[in-house]
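Hi,

Here is the structure I promised to pass on. Have a look at it first, and then read my notes underneath.

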Amino acid sequence: MALPQLIPSHSSSSSSSLIHQPSLSPNAVSPYLLNPNFKPFSNSSSLFQSRRFHRLSSLRCFASSFPEKRHPYPPQSDESVQLPLFPLPLVLFPGAVLPLQIFEFRYRIMMHTLLHTDLRFGVIYSDPVGGTSDVGCVGEIFKHERLVDDRFFLICKGQERFRVTNIVRKKPYLVAEVNWLEDRPSSDEDLEGIADEVESCMKDVIRLSNRLNGKPVKEAQDLRRNLFPTPFSFFVGSTFEGAPKEQQALLELEDTAARLRREKGTLRNTLNYLSAASAVKDVFPSS
């Protein structure tokens with residue numbers, strides 16, 4: 001039986017987009033959550049990219065294998081800086097790990113520049129229909145390998161979020177002025193309580209998904225890993241593989257409580273779907 005379809009609790013259309021239209025033509029992906037076989041690829045000759053995952057039962061999620069590294073000059077939310085941009089058919093979240101292979105000429109030029117500066121570039125979600133979003137996440141290069149044919153293998157980690165305010169240039173690669181985004185302080189929201197509810201929903205989804213796929217039903221481990229609510233909300237969003245528009249909507253939110261509530265709604269909808277599928281399987285075991 002197929003793994004559960006992600007059922008967002010809100011419309012996930014992006015609010016705005018850039019004028020720039022990227023040359024990437026990503027393959028269409030089905031919106032499935034928790035699919036261990038799903039890997040997003042671009043069918044453009046410009047880029048081959050993949051992701052590596054740590055599995056939490058059948059839940060796909062990101063976890064860094066690198067020590068925490070702080071940028072020497074942490075940006076302030078009211079600063080405007082220039083940032084090279086890399087449009088991709090995926091959404092990068094703060095704390096998520098992204099392996100890339102770069103071989104298009106203009107992006108090889110960008111990599112040569114980055115490796116002699118601060119190793120940071122902007123990843124922004126792009127699709128052929130909706131264009132390129134104006135909110136993205138900084139990817140910082142933690143490991144790289146330059147091959148003899150001048151291709152690059154990179155491992156990046158998501159850092160700060162940003163919003164594009166102005167396109168500086170489009171050639172040889174996209175450069176824009178950006179402002180940094182931070183979540184607004186919550187008033188008297190019980191963020192810890194909401195985060196715990198989201199974690200509980202994730203564990204239920206894992207349990208039912210394993211049951212439907214004939215895997216041993218085990219109690220899920222600690223998913224929060226002592227994360228505060230804001231980084232935990234980014235972690236949860238990074239697990240919603242196959243639904244990049246919903247991920248982009250979560251990335252753009254500037255309120256931790258709102259992000260967690262939206263994620264809880266999506267997980268509950270998915271849990272309802274799994275419960276119904278499990279009931280059908282109990283009645284018709286052969287199916």
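Strands β5 and β7 run parallel and are joined by 4 bridges. If you want a spot to look for in that pairing, take P87, whose bridge partner in β7 is I124. Strand β5, which covers residues 80-88, also pairs with β10, this time antiparallel and through 5 bridges. There, Q82 has E177 of β10 as its bridge partner.

One thing to keep in mind while you click around: this is a predicted model. Overall, the chain has 5 helices and 10 strands. Of its 287 residues, 52% count as buried. Among contacts with a separation of 6 or more, 72% are between residues 24 or more positions apart.

Back to the strands. Which ones does β9 pair with? Strand β6 (residues 97-102) runs antiparallel to β9 (residues 152-169), and 6 bridges join the two. In that pairing, L98 stands opposite C156 of β9. Strand β8 (residues 131-146) is antiparallel to β9 as well, with 10 bridges between them. V135 is the residue that stands opposite R163 of β9. Then there is β10, which pairs with β9 in the antiparallel sense over 7 bridges. I167 has A176 of β10 as its bridge partner.

Two of these pairings are hairpins. β8 and β9 form one with 5 residues between the strands, and in it D150 takes a positive phi near 75°. β9 and β10 form another, with 5 residues between them.

As you look along the strands, remember that in a regular strand the side chains alternate between the two faces of the sheet.

Now for the inside. The largest nonpolar core has 51 residues, and M111 and F121 are the ones that touch the most other members. Helix α2 (residues 191-212) supplies the largest share of this core, with 10 residues. Both domain 1 (80-182) and domain 2 (191-282) contribute to the core, with at least three residues from each. There is also a second, separate core of 10 residues, and L83, V138, V164 and W180 are among its members.

F121 is worth selecting on screen. Leaving out residues up to four places away in sequence, F121 touches L83, P84, F86, L100, M110, M111, L114, C137, V138, G139, I141 and C156. Notice that L83 and V138, which F121 touches, are listed in the second core.

A second residue to select is S126, which sits in strand β7 (residues 120-127). Is S126 buried or exposed? S126 has a relative accessibility of 4%, so it counts as buried, given that the cut-off is under 20%. The side chain of S126 makes a polar contact with the side chain of T132, at 3.3 Å.

For contrast, go to S187, in the loop between β10 (175-181) and α2. S187 has a relative accessible area of 68% and is therefore exposed, as the cut-off for that is over 50%. S187 and A257 are 70 residues apart along the chain, while their C-alpha atoms are separated by 9.8 Å.

That leaves two helices. How many residues of α3 are buried? Helix α3 (residues 229-238) has 8 of its 10 residues buried, so it is mostly covered. Those buried residues are P229, F232, S233, F234, F235, V236, G237 and S238.

Helix α4 (residues 244-252) is largely enclosed by the rest of the structure, because 8 of its 9 residues are buried. The list of buried residues in α4 runs P244, E246, Q247, Q248, A249, L250, L251 and E252. You will find charged-type names in there, including E246 and E252.

Finally, an annotation to set beside the model. An unreviewed UniProt entry lists residues 243-270 as "coiled-coil region". In the model, that span is 86% helix and 0% strand, and its end C-alpha atoms lie 13 Å apart.

Cheers

Technical notes: Residues are numbered from 1 along each chain as its sequence is written. This is a predicted model: local features need pLDDT of at least 70, side-chain atom pairs count only at pLDDT 80 or more; totals for chains, interfaces and linings use all residues. Side-chain values use heavy atoms; hydrogens and water are left out. Buried means under 20% relative accessible area, exposed over 50%, partly exposed in between (1.4 Å probe, protein chains only). A polar contact is a pair of N or O atoms within 3.5 Å; within protein, one must be able to donate a hydrogen and the other to accept it, and residues adjacent in sequence count only if both atoms are side-chain atoms. A nonpolar core is a set of buried Ala, Val, Leu, Ile, Met, Phe, Trp, Tyr and Cys residues joined through side-chain atoms within 4.5 Å. Domain bounds come from an automatic or database domain assignment. Contact means heavy atoms within 4.5 Å. UniProt positions are given in the numbering used here, feature names are shortened, and annotations may be inferred rather than shown by experiment. Two strands pair if DSSP finds at least two bridges between them.
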